[in-house]
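Let's take a walk through this structure together. Have the 3D view open and turn it as you read.

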Amino acid sequence: MARKVLITGASGNVAAGVLPQLIKEGVEVKAYVRDAAKGEKLKALGAEPVMGDFLDGAKLEAASKGMDAVISITPPGPTAAEQASAITQAAKRAGVSHIIRLSAVGAAADAPTDNGKLHYKTDAEIIESGIPYTILRPNFFMQNLLMSVPTIQAQGSMYWGMGEGSIGLIDVRDIADSLAALGAFGGHHGQIYVQTGSESLTFAEMAEIISEAIGKPVKYTAIPVEAVGEAIRGFGMGDWFAQVMMDYSRAYARGWGDFVNGNVEAITGNPARSFSQFVKEVMAPAFK
Ligand SMILES: NC(=O)c1ccc[n+]([C@@H]2O[C@H](COP(=O)([O-])OP(=O)(O)OC[C@H]3O[C@@H](n4cnc5c(N)ncnc54)[C@H](OP(=O)(O)O)[C@@H]3O)[C@@H](O)[C@H]2O)c1
């Protein structure tokens with residue numbers, strides 16, 4: 001019988017890479033979405049869209065019934081722990097046999113960012129729930145660099161507040177591959193995997209790799225963390241995001257994310273993609 005998997009945050013960045021793989025593996029996929037048009041797109045891929053908000057516990061419970069696994073993805077934000085709690089508790093009531101959670105690097109009670117503290121709260125609740133779990137805690141996403149495409153295009157510069165810190169950043173496609181493997185084949189119960197890419201790089205080193213791939217000079221300009229906060233507020237993303245990005249910037253600048261491990265390969269069987277591969281396949285096309 002086909003495995004059945006519910007994925008939340010189904011119209012988001014990470015889920016976009018998970019859904020097609022689950023479907024390809026013959027998994028019956030329910031995609032929890034709140035936007036009808038986005039639901040239709042997921043239906044066209046072969047998933048069954050289930051319309052609902054994270055805080056609608058009854059809908060989440062109905063969607064979770066009969067699932068072999070729930071892949072729990074919520075967006076970053078001040079209410080992330082409540083949203084994730086609704087998913088966990090619904091999965092528990094529905095008797096789901098595996099919860100697979102997208103958490104974040106450094107999730108801890110004393111994490112340097114509120115995002116890390118909220119993820120810790122969620123992870124602890126999942127462990128406490130008694131549902132067999134697998135938790136992924138990826139490092140900084142390579143895809144975050146796509147935010148720099150406009151300034152690279154306009155000024156040949158990318159502006160970040162990470163100082164000279166190195167980061168073992170990870171390609172979102174490797175996280176998607178990991179979630180898809182866990183959803184399609186199960187296993188890895190009771191495991192928490194911090195995940196990184198294959199190398200740790202400074203932003204200056206990233207700029208060099210981008211420069212080579214797009215054939216134009218690219219400079220990394222280190223800006224003060226306060227300027228990062230102002231930029232985030234300027235994008236209309238609000239105070240919570242501004243604070244979180246300032247706190248991540250300080251942490252990464254002091255080398256908090258400067259490590260790599262083999263936890264992508266431990267799940268997918270394939271080594272993590274390099275930053276050069278990401279730039280060639282994902283970032284460079286954004287300049288065309
Ligand atoms: N960026 C990084 O470097 C990094 C590193 C490690 C971990 N993470 C973690 O990765 C996670 C984010 O993953 P992502 O980038 O795939 O997220 P995302 O693209 O922001 O997707 C979030 C999804 O949640 C949906 N959603 C938002 N509010 C909802 C609500 N009230 N009810 C139902 N659905 C709702 C969104 O729907 P709509 O499409 O309708 O808006 C969207 O599909 C976060 O937990 C973050 O902490 C990020």
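Start at the ligand, keeping in mind that this is a predicted model. There are 25 residues around the ligand, and the ones that come nearest are Ser 11, Val 14, Lys 38, His 119 and Asn 144. Zoom in on Ser 11 and you'll find a polar atom of its side chain 2.6 Å from an oxygen atom of the ligand. The backbone joins in too: a backbone N or O atom of Phe 54 sits 2.9 Å from a ligand nitrogen, and a polar backbone atom of Phe 141 is 2.9 Å from a ligand oxygen. How much of the ligand does the protein cover? On its own the ligand has 950 Å² of accessible area, and the protein covers 84% of that.

Next, find helix α8, which runs over residues 203-214. Its 12 residues reach 16 Å from the first C-alpha to the last, close to the 16 Å expected at 1.5 Å a residue. Which residues of α8 are buried? They are Phe 203, Met 206, Ala 207, Ile 210 and Ser 211. Look down the axis of α8 and these buried residues fall within an arc of 140°, so they line one face of the helix. Glu 208 and Glu 212, on the other side of α8, are exposed.

What do the buried residues of α8 pack against? Their partners are two helices, α6 (149-155) and α12 (275-283), along with the strands β7 (157-160), β8 (166-167), β10 (201-202) and β11 (219-222). Just after α8 comes Gly 215, with a positive phi near 70°.

Now hop to the loop between β7 and β8, where you'll meet Gly 161. Is Gly 161 buried or exposed? Its relative accessible area is 6%, so Gly 161 is buried. Setting aside neighbours within four places in sequence, Gly 161 is in contact with Tyr 220, Ile 223, Val 225, Val 228, Ser 249 and Ala 253. For a sense of distance, pick out Leu 55: its C-alpha is 34 Å from that of Gly 161, and the two are 106 residues apart along the chain.

Last stop: Ser 129, in helix α5 (residues 114-129). Ser 129 counts as buried because its relative accessibility is 10%, and the cut-off for buried is under 20%. Its side chain reaches the backbone nitrogen of Ile 131 at 3.1 Å. Beyond its neighbours within four places in sequence, Ser 129 is in contact with Thr 88 and Lys 92.

Definitions and conventions. Residues are numbered from 1 along each chain as its sequence is written. This is a predicted model: local features need pLDDT of at least 70, side-chain atom pairs count only at pLDDT 80 or more; totals for chains, interfaces and linings use all residues. Side-chain values use heavy atoms; hydrogens and water are left out. Helices (H or I, at least four residues) and strands (E, at least two) are DSSP runs, numbered from the N terminus. The expected span of a helix is 1.5 Å times one less than its number of residues. Buried means under 20% relative accessible area, exposed over 50%, partly exposed in between (1.4 Å probe, protein chains only). The arc is that of the directions from the helix axis to the C-beta atoms. Contact means heavy atoms within 4.5 Å. A residue is near a molecule or strand if one of its heavy atoms lies within 4 Å of it. A polar contact is a pair of N or O atoms within 3.5 Å; within protein, one must be able to donate a hydrogen and the other to accept it, and residues adjacent in sequence count only if both atoms are side-chain atoms. Accessible areas come from the Shrake-Rupley method with a 1.4 Å probe; for residues, only the protein chains shown count as cover.
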